[in-house]
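Visitor: I have a structure to look at and don't know it yet. Can we go through it together?
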Amino acid sequence: MSKKWICLDFETASGCDLKKAGAYVYAENPTTEITALCYVTHYGYGYELDPAKLSPEDNPGLLAEVNDPEVMFVAHNAAFERAIWREIMVKRFNWPDIPIERWHCTMAVALMKGLPAKLDVLSTVLGFGGKDMEGNKVALGLSKFNKKTGMLDHSPALIRRTSAYCMDDVEKEVKVLRRTHNFYGGERKVWEMDQRINDRGIRIDDKYVHACMGVVQRALPPLLTRFSELTGGLKPTQGEKLKGWLSANGLEIDSLNKETVSRLMGEELEDGPDSDQITQPITMPPVCREALYIRGLAASASVKKLPAMLACQGSDGRARGLMQYHGAGPGRWAGRILQPHNFPRAGLDVGDNQTASPDELMAAIMEGDDSYLRMVFGEPIEAVSAGLRHALVSDEDKTFLIADFKTIEARVVLAVAGQHDALKSFTEGDPYSAMAEKIFHTPVNKKDQPELRQTGKNTILGCGFQMGAPKFQMRYCPKETIEFAQSCIDAYRKDLAPKVVELWYGLERAATEAVWSGEPQEYNGIVYIPEGEWLTCLLPSGRKLWYYGPQKTMKPMPWDINDVRPGWSHLTYKAGRLIRRDAYGGLLTENVVQGMARDLLVHCVFLCEHEQIPTVLTVHDENVCESHTERAKLFRELMTNTPDWAKQYKIPVEIDFMQADRYRK
DNA sequence: CGGCAATGCGCC
DNA sequence: AAACGGCGCATTGCCG
């Protein structure tokens with residue numbers, strides 16, 4: 001961090017919904033205006049600007065800060081302040097623009113250091129007190145147009161109160177800044193790249209989105225009507241009430257989640273329920289079957305992405321601000337607004353036609369002939385859901401170059417553990433078949449024993465982070481016995497990858513010793529370091545994972561409660577609250593592996609950016625660039641390039657590559 | 001009416 | 001001799 005900085009915060013009002021539109025579209029909206037602007041300088045002086053006088057001429061002090069290239073602009077969620085600065089301060093009031101390199105984001109650093117993102121929670125956790133709730137209410141009241149008058153309330157009292165609230169936030173941000181300091185190592189550059197990617201955005205084909213919405217709007221009403229007739233006035237989204245109705249109609253069901261429902265629907269087709277999991281005889285009354293079927297279609301949340309796509313589409317047709325830097329623990333990006341990280345994967349459940357191409361699907365949706373769509377792709381709503389990701393398109397003169405790392409986490413965990421014999425099956429054969437052979441002690445190949453191979457795949461992907469038999473059974477093979485699940489677990493731990501088991505305990509031991517001794521501890525090149533309020537984990541990439549608030553614990557062993565051993569726990573923010581979580585080996589291993597996989601991706605994104613192959617989206621192990629066909633060869637080379645630390649661990653990186661004008665999987 | 005927690009769903 | 005993965009958003013239902 002430069003020695004000179006100012007920490008600033010805007011309060012704004014708009015007819016635009018910030019949550020739905022995102023900062024970029026919100027700032028661009030002509031009804032958006034600034035209702036308060038406060039800042040504190042590194043000297044500690046605070047300034048409240050008059051929102052009616054925002055020109056540079058009226059604010060020479062702020063202008064001097066802007067004109068001094070050594071002054072950093074600090075904000076909490078700087079993407080928002082940057083957008084307001086660019087769209088309003090620059091375009092309406094003629095301020096000079098401030099480049100990304102001169103911004104600092106306290107939220108990004110908080111996330112990097114394992115702290116909550118929301119300012120009031122963060123402030124509470126760090127001991128600075130919670131948000132000024134009364135001021136928050138006033139500011140929120142001022143932030144929206146009066147529904148009756150369609151106007152903003154500009155009364156001087158309200159403006160003053162909002163400004164005071166704004167200043168309160170700035171003061172909290174300054175405290176956060178003084179406690180969290182700067183990005184560690186190369187992360188400053190990663191954040192800047194994140195801002196460039198978010199600024200760049202990704203083009204949305206709004207004609208296609210409208211066609212999709214048309215299909216849904218035509219398909220939905222008859223389903224809702226029928227559902228209402230069946231259930232006596234319910235909506236498909238009313239889960240609890242539906243359970244009651246189902247019960248009254250002869251179907252006891254404790255969960256309406258997909259797995260439970262599909263099992264029940266499936267059971268009926270076969271010749272009876274399995275003995276060990278269905279405790280009561282299930283007869284599926286036809287009305288219940290129909291209601292559940294309609295619910296499956298109509299309550300599907302994925303088509304809700306369609307209006308979200310339009311809401312965050314900027315005036316040039318591109319959606320921006322879809323990714324949150326370090327939104328997930330070990331440094332992965334999190335999805336925002338339309339959540340580009342969880343588009344349904346097309347193909348598996350799409351009607352009868354499993355081989356239709358995305359182009360055919362898209363053409364059928366654009367055609368608007370629902371009966372044709374139904375004939376070729378099955379339920380129209382499912383077809384739309386399957387084609388959702390095709391709404392993201394490349395610019396007309398460009399194309400998407402897409403690469404994802406093949407089974408990267410399974411490879412990284414084996415490599416870090418030093419289990420190179422098991423890694424051979426990834427590069428020389430079919431790892432899932434090899435795993436299945438260890439479980440079933442019989443030759444397995446993809447074509448002849450697909451079910452056995454699937455079990456092998458589940459085992460490899462599921463077992464690297466200490467998953468146990470009960471969970472394995474529940475997730476992958478509910479029809480098998482617990483003994484069978486245990487045999488899969490054993491095959492992984494004892495036969496395929498005993499060194500991974502050592503890695504779990506090695507990392508747990510190193511981290512625990514670091515917490516208890518106060519000294520750095522290393523295992524397989526991973527170093528745990530006590531650093532004041534944090535325990536950090538130094539990865540081979542040179543990046544650190546940060547665990548906030550580590551504490552010594554004594555853990556009774558499950559096989560003997562009198563056998564109590566040292567461990568540690570840390571604070572993590574989950575489901576809106578801070579919880580203390582036990583740091584066990586599988587978790588630490590998962591964090592390290594996800595972190596290293598993320599760093600491999602970041603390495604490649606940097607290489608691509610450097611070669612002017614710009615990234616428009618990343619999805620954990622996938623890089624989506626918008627470029628030209630001629631660049632495909634270079635792109636593929638760059639995406640298989642690995643940094644030196646990965647070569648030392650002998651991580652075998654391979655990619656699946658695709659070129660397409662529409663996003664697809 | 002908005003805030004909050006719980007639940008469910010999609011992906012990696 | 002052992003184990004709880006992560007994320008965001010939509011919805012409901014409860015509360016004030």
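Visitor: Which part of DNA strand C is 2.8 Å from a side-chain N or O atom of arginine 493?
Guide: A phosphate oxygen of the strand. This is a predicted model, where local features need pLDDT of at least 70, side-chain atom pairs count only at pLDDT 80 or more, and totals for chains, interfaces and linings use all residues. Residues are numbered from 1 along each chain as written, chains are lettered from A and ligands numbered from 1 in written order, and side-chain values use heavy atoms, without hydrogens and water.
Visitor: And which atom of DNA strand C is 3.3 Å from the side chain of aspartate 582?
Guide: A base nitrogen, paired with a side-chain N or O atom of aspartate 582. For glutamine 594, a side-chain N or O atom is 3.4 Å from a base nitrogen of DNA strand C.
Visitor: How many residues surround the strand?
Guide: 31, and the closest are Ile337, Gln339, Gln466, Lys471 and Trp559. Being near here means having a heavy atom within 4 Å of the strand.
Visitor: What share of the strand's atoms within 4 Å of the protein is sugar or phosphate?
Guide: 56%, and the rest belong to bases.
Visitor: New topic. Where is tyrosine 45?
Guide: Tyrosine 45 is in the loop between strand E2 (33-41) and strand E3 (46-49). Strands are DSSP runs of at least two residues, numbered from the N terminus.
Visitor: Buried or exposed?
Guide: Tyrosine 45 counts as exposed because its relative accessibility is 52%. The cut-offs are under 20% relative accessible area for buried and over 50% for exposed, with partly exposed in between (1.4 Å probe, protein chains only).

Technical notes:
Helices (H or I, at least four residues) and strands (E, at least two) are DSSP runs, numbered from the N terminus. A polar contact is a pair of N or O atoms within 3.5 Å; within protein, one must be able to donate a hydrogen and the other to accept it, and residues adjacent in sequence count only if both atoms are side-chain atoms.
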